[in-house]
Every structure is written in structure tokens, then in C-alpha cells.
Amino acid sequence: MKKASSSLLPFSVVASFNGVHMFGKSHSVVLRSTSTQETVILWKVREDSVTLIAAACGASEMLLDQLLTSVFHAMVLAVGINELCSTRNAERLKRELRICYPLVDHLLECVEATGTDLTATCNNDILGLVEVMLCPENHLLQSLVDAWAECMDSLYGFLLIRGCVAVATSSWWQLDPEEKKLLALLVSVKGTCKTCDIPVFLPCKSPAVPFRLIVCGLTGGIQICALCGPSPPLTEVEYVSIQCWKGAVDILRAAERCFPRNFPPCIQLDSGVLGILLVDRQAGKFLLSRNQCADAGKKESQSPSGAHRLDVLRTFYHQVADTFMNHSSDNSEGAAACEQPSTSAALETYWCSEYHKCHALRHGATLLCVLYASAVPIHTMRLITQRTLKFLTADKQLCW
């Protein structure tokens, strides 16, 4: 596993990384990480059988650790934990792992360095969190997804619109955040299809026994998905899906119009807001959007581009907000530390630069990061952030 800013690392360098780790292990020394002036290198051993190594410029150890965890879970999703722990046939394992290569590529692109700023530049993505869409039609879509999942005899159903989860069954939201992320990502990288099923292992819930991930393309970039057992057969899945969704085409098309804004047009952001990032750490989901009207009346040189706004928000989240959300739980591990922020943890923080300002506000497990124009006063940022958080989370019809 390697991540370099300009070119692939030579095989000799990668072999040296592995060799020094093995040398330390033979002398009862655990090598976890090291760093140079520009690069961080991290080693992670899982199940005493898989050694993952990551090298990145401008990344923190915390983010690289999360990356390697996600990569290992992608491997488990593809072949199961028993196959990974078995050393019977390494070449066969390599062939079977090819199915997860697109997932791993996407995860690597989630951690990309630009200069000294850490950004996530592939499909607005963030490691360990699934992207969602808040459509005005979500309350209608929720009942349709619940009914369809019941017909599929499944507790785990979800609706994807342009790669974002619009609604899902309550049991699906109870899955581990990594599982939800990888399932949605797997459907996205597979592309549009009429009807298909994919054998998958759930890295946390069922790493040894596979489920069937069934995917039905409804219209355009919209897919309905569920985790099932051996039944129903694909022919029945396709027939039932047509019957359940044939009357909801207009609703689906109306919901799709929220993309790429990802929240209703009736919610108007303040003119000083350049972009927002809404995160629910407990549910493992996020919404990332920019204010497309923010450039009105501003000089182009003074207003960052839309893509750059999203980069700034992700940088802010990873380097500041993510840290202050978890600083009181540094001795904890895994999702439990993220899901239960301490009551003594900071509730807000902000950044100021020449061209923009960032403000983050935490309410329970929900975190809202907002990118502002530099002219917006700090005390005004607090009021706007509080109001925006209320608009996005208080409306039950949006199903946040």
C-alpha cells in the first residue's frame, strides 16, 4: 500500500519498508510509524496475517491509520476474514482481491495531498463516512424503501442517488460506519446496472458469512439496494422492484434534482456562506455542499473556486474539527471514541485567513463546519452557523 504525491514508490523502497518491519518484529519490537520532514509512514498488522503500509505527504498519522483500517475492511468485504487469514494459496488470494482494487483506489484518492494542505478530492469524499442527500421527498422515499426491503425479506435496504444515500432502513443505519461506507462505495464503483447481486462480507457484523448485495437500477443515477440471503432470485427482485417503484418515478426525479447541492432549494444559505460540511459521527454520515450563489457581487480573485471551497472545508475538518471532536477520547479506539464525544470536549472552533474563515459547531454527535467569506465577522459566524445547523437537522421530512 503506497501513497505518493507525484509518482509511485520504487519496489525497492516498498520492500525496505516491509523488511525493516519484519526485522523489528523478529526482535520483539513493534514498528508503528515514522516520519521525515515531508512524509509520514505507517505500518498496521491485522489478524497477525496482513501487514499494511502507507506513506503519504502532508497527512497525519490518525488519518493514515483510518485509511489502512478502511483498506483492510475493503479486503474483508471482498473475500472474508477466513480467506485473508489463510496462507494456503497466496496467488489465489491476490486474484480474488482484485474485486476490491477499485474500492482501494477510491480510498487512496480520499487522502490526497496538495502542497501542505490535506484534502479529499475524489467525489467530495471523506474516509469512514457515507455521503447523504437531504431531499424534500425523503419522507416519501423512506416509506417506499421500507416497503421494498420488506418485499425483499431484508432488514438492510438503502436508496442511492448519484452515489449519495437518500434514505435507508433503520437496521441499515445500525451497521458499522465502515460497512455503510464500503457498501455505498461498492455500488458506486460498479456503475449503473439494471439488476445484479454481489457476494459481500460485512467486516464487523459478518466477516465470515457472506450476504448478497442486490442492486436495482431505477432511473438515471438512482439505485435501490439491499442485503439479502440466498432468496429471492434476481428475476423476482427485478419484478418486485418494478411493481414497488413504478408509481414513484416523478418523486425520484424530483429528488435527483437536489444534486449536486444535496439539500433542498427552500433552505437558503446566507450570502457570506461559501460552503458547508455537516457530519454525524454516530451515524457515520456527512453532507458536503457549496453555496453556488456565493460568488454574486464578488471579485473572482477574492472568492475561492467551488472545488477549492470543498478542499478547504475537508482540510478544516481533518486538521481541526476532527481533532477537537476526539481530543478527550485519545486513549479510546475505533468508532466508540467518535460516537460518544465527551461533554467536556470543545463545542466550537474557527480559523481565519486572508481570503476566508472557517467555523465549526458541535451539537452532540453532529458537527457543522461552515466556510465563510473573509469579510464576515466572527460573532456573526456563530449566529449563522447555529441557524444553518437548525435548518438542516430540525426538519423531520429531510430524514437527517
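1. The protein chain of this predicted model holds 13 helices and 16 strands. Of its 400 residues, 51% count as buried. Where contacts link residues at least 6 apart in sequence, 59% of them join residues at least 24 apart.

2. One sheet deserves a point to itself. This open sheet has five strands in the order β8-β7-β11-β10-β9, and the pairing is antiparallel. Its edges are β8 (164-168) and β9 (195-202); each has a single partner strand, so one side of each is left without a neighbour in the sheet. From one strand to the next the twist averages 30°.

3. The pairings around β7 can be listed briefly. Six bridges join β7 and β11 in the antiparallel sense, and L159 stands opposite I224 in β11. With β8, β7 pairs over four bridges, again in the antiparallel sense; the bridge partner of F158 in β8 is A168.

4. At the β9 edge, β9 and β10 (residues 206-219) run antiparallel and are joined by seven bridges. L202 has S206 in β10 as its bridge partner.

5. Is β7 buried or exposed? Six of its six residues are buried, so the strand is mostly covered. This holds for both faces: Y156, F158 and L160 point one way, G157, L159 and I161 point the other way, and all are buried.

6. The hairpin of β7 and β8 has two residues between the strands, and R162 takes a positive phi there. The value is near 55°, in a residue other than glycine. Most residues other than glycine have a negative phi, and most peptide bonds are trans. R162 lies in the loop between β7 and β8 and has 43% relative accessibility, which makes R162 partly exposed.

7. N262 is a second residue other than glycine with a positive phi, near 70°. Its place is the loop between α10 and β12. With 2% relative accessibility, N262 counts as buried, whereas R162 counts as partly exposed.

8. Two cis peptide bonds should be noted when the backbone is checked. One runs from S231 to P232, with omega near 5°; P232 is in the loop between β11 and α9. Another runs from F259 to P260, also with omega near 5°. P260 belongs to the loop between α10 and β12 (273-280), where N262 is also found.

9. Helix α6 touches four strands of the sheet: β7 (156-161), β8, β10 and β11 (222-228). The direction of α6 makes about 70° with that of β8.

10. Helix α6 (residues 138-151) also packs with helix α9 (residues 234-245), at an angle of about 155° and with the axes 10 Å apart. Angles over 145 degrees count as roughly antiparallel, and α6 and α9 are therefore roughly antiparallel to each other. Their crossing is right-handed. From α6, the contact uses L141, L144, V145, W148 and C151; from α9, V240, S241, C244 and W245. By class this contact has eight nonpolar residues, one polar and no charged.

11. Helix α10 (residues 249-256) has L252, A254, A255 and E256 buried. The buried residues of α10 pack against α6, β7, β10, β11 and α9. Among these elements, α6 and α9 are also packed with each other, and α6 touches β7, β10 and β11.

12. A second helix pair is α2 (residues 61-79) with α5 (residues 101-109). Their axes come within 10 Å and cross at roughly 165°. The two helices are therefore roughly antiparallel to each other, and the crossing of α2 and α5 is right-handed. L67, S70, V71, A74 and L77 of α2 meet L103, V104, L107 and L108 of α5. The residues of this contact divide into eight nonpolar, one polar and no charged.

13. Why can L67, S70, V71, A74 and L77 of α2 serve in one contact? An α-helix has 3.6 residues a turn, so residues three or four places apart point the same way.

Key. Residues numbered from 1 in each chain as written. Predicted model: local features only at pLDDT ≥ 70, side-chain atom pairs only at ≥ 80, totals over all residues. Heavy atoms only, no water. Axes fitted to C-alpha atoms, helices over the stretch in contact; angles between N-to-C directions. Parallel < 35°, antiparallel > 145°, perpendicular 65-115°, else oblique. Left-handed = near helix turned anticlockwise from the far one by under 90°. Contact = heavy atoms within 4.5 Å. Nonpolar A, V, L, I, M, F, W, Y, C, P; charged D, E, K, R; others polar. Pairing = 2+ DSSP bridges. Buried < 20%, exposed > 50% of the residue type's maximum accessible area, 1.4 Å probe, protein only.
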